[in-house]
Amino acid sequence: MLSVETLASAVHLPDYPREQLRPRMLHIGFGAFHRAHQAVCADRLAREQQSDWGYIECGINPHSSSRLLDDLRGQDHLYSVTEMTDGGETTRVIGVICATADARTDGIEAVIEAMSQPQIAIVSMTVTEKGYCHHPASGQLNLEHPLIQHDLAHPEAPQSLPGVILAAVKRRRERGLPPFSVMSCDNMPENGQVTRRVVVQLAEQQDIGLADYIRQHLTFPSTMVDRIVPAMTPEALETLGEKLGCFDPVAVQCEPFFQWVIEDNFVNGRPAWERAGAELVQDVVPFEEMKLRMLNGSHSFLAYLGYLAGYQHISDCMGDEYFLRAARTLMLEEQAPTLNTPHVDLTAYADSLIARYQNRAIKHRTGQIASDGTQKLPQRWLASIRWHLAHNSRFDLLALGVAGWIRYVGGVDEQGAAITLNDPLKETLAQRVSDSADGEARIAALLSLQKVFGDDLPANPQFSARVLHFYQLLLQLGAKETVKRVITSY
């Protein structure tokens with residue numbers, strides 16, 4: 001476990017009085033990204049601005065096998081963040097976490113009670129797109145989702161994110177406590193509006209009065225977050241422990257780059273995030289779309305096609321001149337024209353992304369980024385494809401990305417090895433793959449997933465034909481040669 005006494009001398013320790021922190025923010029989803037992003041921002045405010053805004057960290061999945069919160073408790077709520085570049089690394093211990101509550105070990109009641117503490121002003125979350133229990137294509141609450149079905153039957157013992165938020169809001173209202181703001185930090189366009197919609201729609205199923213209260217008194221600010229944070233592996237933790245001088249099971253590694261754009265819409269106060277490098281704006285949507293399409297969209301392109309080509313990491317893809325050119329061309333020729341981001345040099349932004357992807361110290365696995373594709377494709381690629389269809393413009397690389405995803409979810413790579421799918425619709429995907437012959441039938445079976453592609457795209461012959469063309473190239477030539485052929489003909 002992390003021990004301050006045995007840490008290497010180069011590690012930066014919290015130099016602020018932790019006992020003066022107040023747990024005024026509660027975060028759901030103690031994953032690697034949050035540990036390397038929002039918590040780091042709060043730590044910087046405590047160090048440099050004497051901020052007293054501390055965190056309660058919560059997990060709401062009672063079936064999770066993760067021991068992260070247990071490990072965090074065992075080391076006095078401290079953990080390390082290491083920023084890595086090709087030229088070296090810097091490690092800091094983060095000390096802004098005051099307490100934890102975990103449904104797995106403490107029960108969901110402990111989480112709801114933590115959210116009901118009077119001083120909580122902000123509830124934030126990083127639970128990935130699938131945690132919102134919505135239809136990605138429409139943004140509406142999925143009333144058939146198993147967790148939502150459970151929460152409709154057992155509203156006092158919820159398991160979904162919308163259900164837990166709703167239970168806490170109800171309790172605070174009954175106790176006469178002030179409302180909090182609910183801040184999504186997940187990669188979705190208008191993530192605040194998505195969060196508001198699923199919470200209100202669930203409330204409408206249970207208590208119309210509570211739904212009206214939420215509309216009138218809670219705020220759901222949208223955010224755009226950006227920092228490359230690879231998932232930690234046992235090997236990475238062991239190597240890092242040797243450098244730290246002790247083993248930290250909660251440690252994370254990340255790139256130096258940090259960006260956080262936040263809609264300034266908080267009902268009960270907020271930290272001075274702008275003093276720690278965040279941007280407070282009135283409209284986050286242009287920044288969200290820029291990041292989702294140019295960064296996340298190119299990441300997904302590299303993830304599926306890079307994985308098929310045998311590249312384990314994004315930086316490995318950047319060693320292939322054709323993959324590098326394809327990523328940059330995708331950003332500037334097929335994603336940038338769909339955007340309306342004022343006062344941003346999109347060419348410079350694309351070049352900065354390529355430079356970040358080339359950081360070989362960051363081992364961002366293509367297989368990690370390839371997860372949950374049915375949740376990611378609508379906002380990363382499909383909205384742009386609709387734009388190009390409406391404007392009769394070229395979208396070859398986006399269509400190649402869709403073809404790469406279809407090839408990937410086929411479940412077998414180019415060497416004949418099985419691909420382990422991590423997707424909330426993996427059973428549906430597997431069934432459609434097994435029920436369709438490879439080729440045109442496979443394309444039709446997967447594009448007809450209404451939850452992902454809607455009704456319009458499968459019915460568009462231009463879209464289907466382009467995807468089928470590139471899929472057939474992938475089968476004939478493989479991913480490396482297909483990417484080379486497409487980008488050299490661009």
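**Figure 1. R215 and its partner D212 in helix 9.** With a relative accessibility of 33%, R215 counts as partly exposed. This view, like the others here, comes from a predicted model. R215 forms a salt bridge with D212, and their closest N and O atoms are 2.7 Å apart. D212 is also partly exposed, at 32% relative accessible area. Both residues sit in helix 9 (residues 208-217), and because they are three residues apart there, about one helical turn separates them.

**Figure 2. A salt bridge between helix 5 and helix 7.** Here E109 pairs with R171 in a salt bridge whose closest N and O atoms are 2.7 Å apart. E109 belongs to helix 5 (residues 108-115) and R171 to helix 7 (residues 161-175), so this pair ties together parts that lie 62 residues apart in sequence. Look at how each partner is placed: E109 is partly exposed, with a relative accessible area of 41%, whereas R171 is buried, at 16%.

**Figure 3. R394 meets D396.** In this close-up, a salt bridge links R394 and D396, with 3.0 Å between the closest N and O atoms. R394 is partly exposed, at 34% relative accessibility. D396 has a relative accessible area of 11%, so it counts as buried, a label for values under 20%.

**Figure 4. A network of shared partners.** Salt bridges can also link up: R67, D70, R73, D102, R104 and D106 are joined into one network by salt bridges that share partners. As background, side chains of opposite charge can pair when their charged atoms come close. How many salt bridges does the structure hold? The count is 31.

Notes:
Residues are numbered from 1 along each chain as its sequence is written. This is a predicted model: local features need pLDDT of at least 70, side-chain atom pairs count only at pLDDT 80 or more; totals for chains, interfaces and linings use all residues. Side-chain values use heavy atoms; hydrogens and water are left out. A salt bridge is a side-chain nitrogen of Lys or Arg within 4 Å of a carboxyl oxygen of Asp or Glu. Helices (H or I, at least four residues) and strands (E, at least two) are DSSP runs, numbered from the N terminus. Buried means under 20% relative accessible area, exposed over 50%, partly exposed in between (1.4 Å probe, protein chains only).
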